[in-house]
Amino acid sequence: MSSTEVPSDVVGRAIRLLVLVGEHPHGITLSELSRASGVPVSTAHRLVNALCREGLVDFETAGKRYKPGLRLFQLGQQAGQVYGFAGTALPVMRRVTERTEEATLMSVLDGTRHLYVHYVDGPLPVGVRSEPGRHGPLHCTSMGKILIAFAPEDVRADLLERVDLTPYGPNSITDRARLREDVLRAADRGYATADEEHHAGLRAVAVPILRPDGTALACLSTAAPAFRRSLDDLVALVPLLREAATELGVRLPAR
């Protein structure tokens with residue numbers, strides 16, 4: 001079923017609503033939920049209130065908005081522990097940031113997008129900000145390109161045909177042949193870069209965290225303002241990122 005189709009079953013509709021609330025951490029109104037999900041307002045109201053009773057969703061009476069509940073946060077934290085992201089990944093990422101003084105990010109492939117799972121802020125006053133739990137595009141980010149390059153062969157071929165090529169930044173890739181070239185280059189070099197492709201004024205470099213079979217479990221990235229870091233500066237950090245990625249490839253649970 002595509003993301004635009006409305007689930008026919010009650011559980012499917014409740015999950016659709018829960019996902020939408022989770023994607024709007026600052027809150028979403030009932031009418032917005034109904035419109036985005038395709039679920040009628042009366043049904044959406046009944047289901048989202050059931051989610052509230054379970055603590056998965058909170059209702060802010062002042063703004064009449066639904067927000068992710070603490071129970072949803074707790075479940076997310078438990079899932080993160082299973083994947084090893086919190087206890088295992090964060091200390092390694094902090095060590096990288098201590099040496100680069102720039103933000104370190106970790107992401108995994110999630111369908112035709114990548115999902116930010118961890119972020120360590122750099123110490124400098126102007127830097128890159130990210131929010132774990134958010135999705136990012138594949139074609140115009142260093143992490144997205146590396147996740148395509150080191151995906152299983154059938155997944156890589158499918159993504160190269162289907163991934164969205166929306167131009168987000170001034171240098172976004174909008175040509176599928178160019179994307180294939182960048183992905184092939186990333187597979188050959190073992191790292192990918194993005195030069196103001198997702199956001200103006202932002203550059204990044206990423207390396208894969210590999211499973212034993214050579215496919216990407218996740219990826220690590222250093223991202224920095226373009227005024228402070230050239231692409232050559234970021235590429236010079238690849239050995240440090242690879243060292244951290246190798247450690248995480250051993251320590252993170254395979255899945």
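This passage describes a helix pair, a cavity and a pocket in a predicted model.

Two packed helices are described by the angle between their axes and the distance between the axes. In the predicted structure, the axes of helix α2 (residues 30–37) and helix α3 (residues 41–53) come within 9 Å and cross at roughly 110 degrees. Because angles of 65 to 115 degrees count as roughly perpendicular, α2 is roughly perpendicular to α3. The crossing of these helices, α2 and α3, is right-handed. On the α2 side, the contact is made by Leu30, Leu33 and Ser34, and α3 contributes Val41, Ala44, His45 and Val48. The residues of this contact comprise five nonpolar, two polar and no charged.

Empty space within the model was also examined. The structure holds one cavity of 30 Å³ or more. The volume of the largest cavity is about 40 Å³. Its lining includes the acidic residues Glu101, Glu102 and Asp121, together with Arg129 and Arg228. Ala103, Gly122, Leu124, Val126, Gly127 and Val128 also line the largest cavity. By class, this lining divides into four nonpolar, two polar and five charged residues.

The second largest pocket encloses about 510 Å³ of space. Of the 26 residues that line this pocket, Tyr116, His135, Gly136, His198 and His199 are the closest to its centre. At least two lining residues are supplied by each of β4 (113–120), β5 (135–136), α6 (142–149), β7 (202–210) and β8 (216–225). The largest share, three residues, comes from β7. The lining of the second largest pocket consists of ten nonpolar, nine polar and seven charged residues.

Technical notes: Residues are numbered from 1 along each chain as its sequence is written. This is a predicted model: local features need pLDDT of at least 70, side-chain atom pairs count only at pLDDT 80 or more; totals for chains, interfaces and linings use all residues. Side-chain values use heavy atoms; hydrogens and water are left out. Axes are lines fitted to C-alpha atoms, for helices over the stretch in contact, and angles run from 0 to 180 degrees between N-to-C directions. Helices (H or I, at least four residues) and strands (E, at least two) are DSSP runs, numbered from the N terminus. Angles under 35 degrees count as roughly parallel, over 145 as roughly antiparallel, 65 to 115 as roughly perpendicular and the rest as oblique. A crossing is left-handed if the near helix is turned anticlockwise from the far one by less than a right angle, and right-handed if clockwise. Contact means heavy atoms within 4.5 Å. Ala, Val, Leu, Ile, Met, Phe, Trp, Tyr, Cys and Pro count as nonpolar, Asp, Glu, Lys and Arg as charged, and the others, Gly among them, as polar. On a 1 Å grid over the protein atoms alone, a cavity is a set of points where a 1.4 Å probe fits but cannot get out, and a pocket is an open set with protein on both sides within 12 Å along at least five of seven lines; lining residues have an atom within 4 Å of a point. Grid points are joined across faces, edges and corners, and a volume is the space filled by probe spheres set on the points.
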